[in-house]
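Hi,

Here is the structure I promised to pass on. Have a look at it first, and then read my notes below.

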Amino acid sequence: MVATAFGRLNLGIAGKSIQEEFHLSSQAMGWIFGAFAFGYALFQIPSGWAADRFGPRKTLTLAILCWATLTMAMNLVPVLAMRLSLSLAWTFGVVRFLTGLGEAASYPNANRMVAFWTTKTERGIGSSLLLGGVGTGGVMAPALFAMTMQHWGWRSSFLVSGIFALIVASIWFVFSTNRPEEHPRINSAELELLGAEKRALSIGPTAPVKTPWRTMLSSRSVWALLLSYFFHGYTPFIYFTWFFIYLTHVRGLTVAKGGLWGTTPFIAMTVMSPIGGWLSDKAVKHFGTRRGRQSTAWIGMTCSALLLWLGSRTVNNAGAILLLASAAGFSNFAAPSWWATCIDLAPNHSGSLSALMNTCANSAGGIAPVLTGYIATTFGWTRALDFAALMSFTAGFIWIFVDAGKSVEISEIKVGTPAQAALSS
C-alpha cells in the first residue's frame with residue numbers, strides 16, 4: 001500500500017512544476033488530477049471480482065506491473081503529445097486515467113487478504129494496516145519527490161514510483177499466497193485460529209466464486225455503506241492532489257518546506273489508522289457489531305469535518321496545516337470501519353463488495369480535484385475546504401443506516417452447515 005500512495009501522490013508533488021512549465025490552468029490540472037480517480041473507480045468491480053475468482057496473488061501482481069509501466073510513461077507525454085499533435089492536457093489525463101485502471105486492484109485485493117488472514121475480532125485493525133500503509137507512503141513521498149525534483153526535475157517522481165512498484169510486485173508474487181492454507185510456513189493451530197480449515201471444508205480451496213450481487217444490492221446496509229463511502233472519498237483526494245500546491249501557492253511555502261509540511265497529513269493518517277481500527281474492534285466487542293462500527297465512524301468523521309472547518313480559517317500557517325493534517329488523520333481513523341464492515345457483511349465476497357464500495361469513493365475522488373479547483377478559483381480556498389468538511393460530516397451521518405451485524409450471506413446458507421460455521425469464524 002506504500003507503493004499505492006506513491007502512485008497517487010507523484011502527480012500531486014510534480015503538478016506544480018508541470019503546471020508552470022506547460023502553462024496549464026487550475027481547471028486543466030483539476031481534470032488531470034481527477035482522471036486517475038475516474039480510472040481507478042471504473043476498474044474497481046472487475047478487480048474485486050478477479051480477487052474473489054482468481055485470488056489476490058496473481059491479480060495484484062499483474063495490476064502493479066501495469067500501473068508501474070504507465071506511471072513511468074508519464075515522462076513521455078510531452079514528446080508524445082507534440083509528435084502526434086495532441087492536446088497536452090488531454091494526453092496527461094488519458095495516461096493518468098489508464099494508471100488509475102492499473103492501480104484499481106490494490107484495495108479490493110488487499111481487503112480480500114484481510115478477510116482470509118485475520119480473525120473476526122481483528123477485521124478493524126487488519127483493514128487499518130492497509131490504510132496505514134498509504135499513510136506511510138504519503139509520509140515518504142512528498143519529501144522524497146521534492147528532493148529528487150530539485151535535482152532531476154519533475155520526471156524523476158514518476159520514474160522512482162515506477163521502479164519501486166516493480167520491486168514491490170516481485171516481492172508480492174514470490175512471498176504471498178491467496179489463503180493461509182496455501183502458505184508453506186503456517187501451522188495447524190494458526191489455520192484453526194483463522195478458520196481456514198472450516199472454510200476449506202465448506203467451499204473447497206479452489207472452488208469457483210459466484211458473487212451474490214442481487215442479495216448484496218437488496219441490503220439497506222450495503223446501500224448506506226456505499227453512499228457514505230462516496231462522501232468519505234471526496235476529501236482524501238484533495239490531500240493527494242491539491243495539498244502540495246495549496247501549501248506553495250496559497251500558503252506561500254517553498255518547494256522544500258512544502259515537501260516537509262506536505263507529509264503532515266500522511267503522518268496523521270499513519271498514526272490514526274491503526275488506532276481507529278483497534279478501537280473499532282474493541283467497540284464491536286463491547287457494544288456489538290452495529291454500534292461498534294458506527295461509533296468509530298461517527299467520531300472520526302465528525303472530528304475530521306470540524307478540523308477542516310477550523311483549519312481553513314486559521315491564518316497562521318503552522319496552525320492551519322496541523323489542523324488540516326489532523327482532519328486527514330481522523331478521516332483515516334474512521335476508514336477501517338468501512339473496510340471491516342465489507343468483511344462483516346460479505347466475508348466470502350469481501351473483494352467484490354470492497355470494490356463496489358471503493359468505486360463509489362473514487363467516483364467522488366475523481367470529482368474532488370475538479371470541483372476543488374473550481375470552488376477555489378471562484379470562491380476561494382476557504383469555501384473549497386468548507387465543502388470538503390460538509391462531505392466528511394455527511395459521510396459519518398449516513399452510518400445511522402448501516403448495520404454491520406447483518407451479513408448478506410447468512411440468508412443464503414442454511415444454519416448448521418459447514419459454510420455457516422465458516423462465516424461465523
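To start with one residue: is Thr 177 buried or exposed? Its relative accessibility is 13%, so Thr 177 counts as buried, the cut-off being under 20%. You'll find Thr 177 in the loop between H9 and helix H10 (188–194). Leaving aside residues up to four places away in sequence, Thr 177 touches Arg 57, Met 113, Trp 117, Glu 182 and His 183.

Before you go further, keep in mind that this is a predicted model. The protein chain has an average pLDDT of 83, and 89% of the residues score at least 70. Confidence is highest in helix H21 (residues 381–397), at a mean of 96, and lowest in helix H22 (residues 418–424), at 39. There are two stretches to treat with care. Residues 200–206 have a pLDDT below 50, and this stretch has 11 contacts in the model beyond near neighbours in sequence. Residues 411–425 are also below 50, with 26 contacts in the model counted beyond near neighbours in sequence.

Now the inside. The largest nonpolar core has 88 residues. Ile 18, Phe 92, Leu 225, Tyr 239, Trp 338 and Met 357 are the ones with the most contacts inside that core. Helix H19 (residues 317–345) gives the most to this core, namely 10 residues. Leu 225 is a good place to zoom in: not counting residues up to four places away in sequence, Leu 225 touches Trp 338, Thr 341, Cys 342, Leu 345, Met 357, Trp 399 and Val 402. Another core, of 8 residues, lies apart from the one just described; Ile 64, Trp 67, Ala 165 and Ala 169 are among its members.

On to the charges. The count comes to 4 salt bridges. In one of them, the side chains of Arg 293 and Asp 344 meet at 2.8 Å, N to O. Arg 293 sits in helix H18 (residues 289–313) and Asp 344 in helix H19, so this pair ties together parts that are 51 residues apart in sequence. Both partners are under cover: Arg 293 is buried, with a relative accessible area of 1%, and Asp 344 is buried at 9%. Asp 281 comes into the picture too, as Asp 281, Arg 293 and Asp 344 are linked in a network of salt bridges.

Asp 386 is worth a look as well. Arg 313 forms a salt bridge with Asp 386, with the closest N and O atoms 2.6 Å apart. Since Arg 313 lies in helix H18 and Asp 386 in helix H21, the pair ties together parts that are 73 residues apart in sequence. Asp 386 also meets the side chain of Arg 383 in a salt bridge, at 3.3 Å, N to O. Here the partners are 3 residues apart in helix H21, so about one helical turn separates Arg 383 and Asp 386. As for exposure, Asp 386 counts as buried, because its relative accessibility is 15%. Arg 313 counts as partly exposed at 38%, and Arg 383 is partly exposed at 46%.

Then there's the surface. Leu 159, Ile 163, Ile 167, Ile 171, Phe 173, Val 174 and Phe 175 make a nonpolar surface patch of about 680 Å². One of these, Phe 175, is found in helix H9 (residues 155–175). Phe 175 has 61% relative accessibility, so Phe 175 counts as exposed, the cut-off being over 50%.

Last, some backbone angles. Which residues other than glycine have a positive phi, near 55 degrees? His 23 is one of them, with phi near 55 degrees, and Ser 85 is another, also with phi near 55 degrees. His 23 is placed in the loop between helix H1 (2–22) and helix H2 (26–42), and it counts as exposed, because its relative accessibility is 71%. Ser 85 lies in the loop between helix H5 (77–83) and helix H6 (88–103). At 68% relative accessibility, Ser 85 counts as exposed too.

Over to you, and cheers!

Technical notes. Residues numbered from 1 in each chain as written. Predicted model: local features only at pLDDT ≥ 70, side-chain atom pairs only at ≥ 80, totals over all residues. Heavy atoms only, no water. Core = buried A, V, L, I, M, F, W, Y, C linked by side-chain atoms within 4.5 Å. Buried < 20%, exposed > 50% of the residue type's maximum accessible area, 1.4 Å probe, protein only. Helix = DSSP H or I, 4+ residues; strand = E, 2+ residues; numbered from the N terminus. Contact = heavy atoms within 4.5 Å. pLDDT = per-residue confidence, 0-100. Patch = residues over 30% accessible without salt bridge, like charges linked within 9 Å, V, L, I, M, F, W, Y side chains within 5 Å. Areas by Shrake-Rupley, 256 points an atom, 1.4 Å probe, with all protein chains shown as cover.
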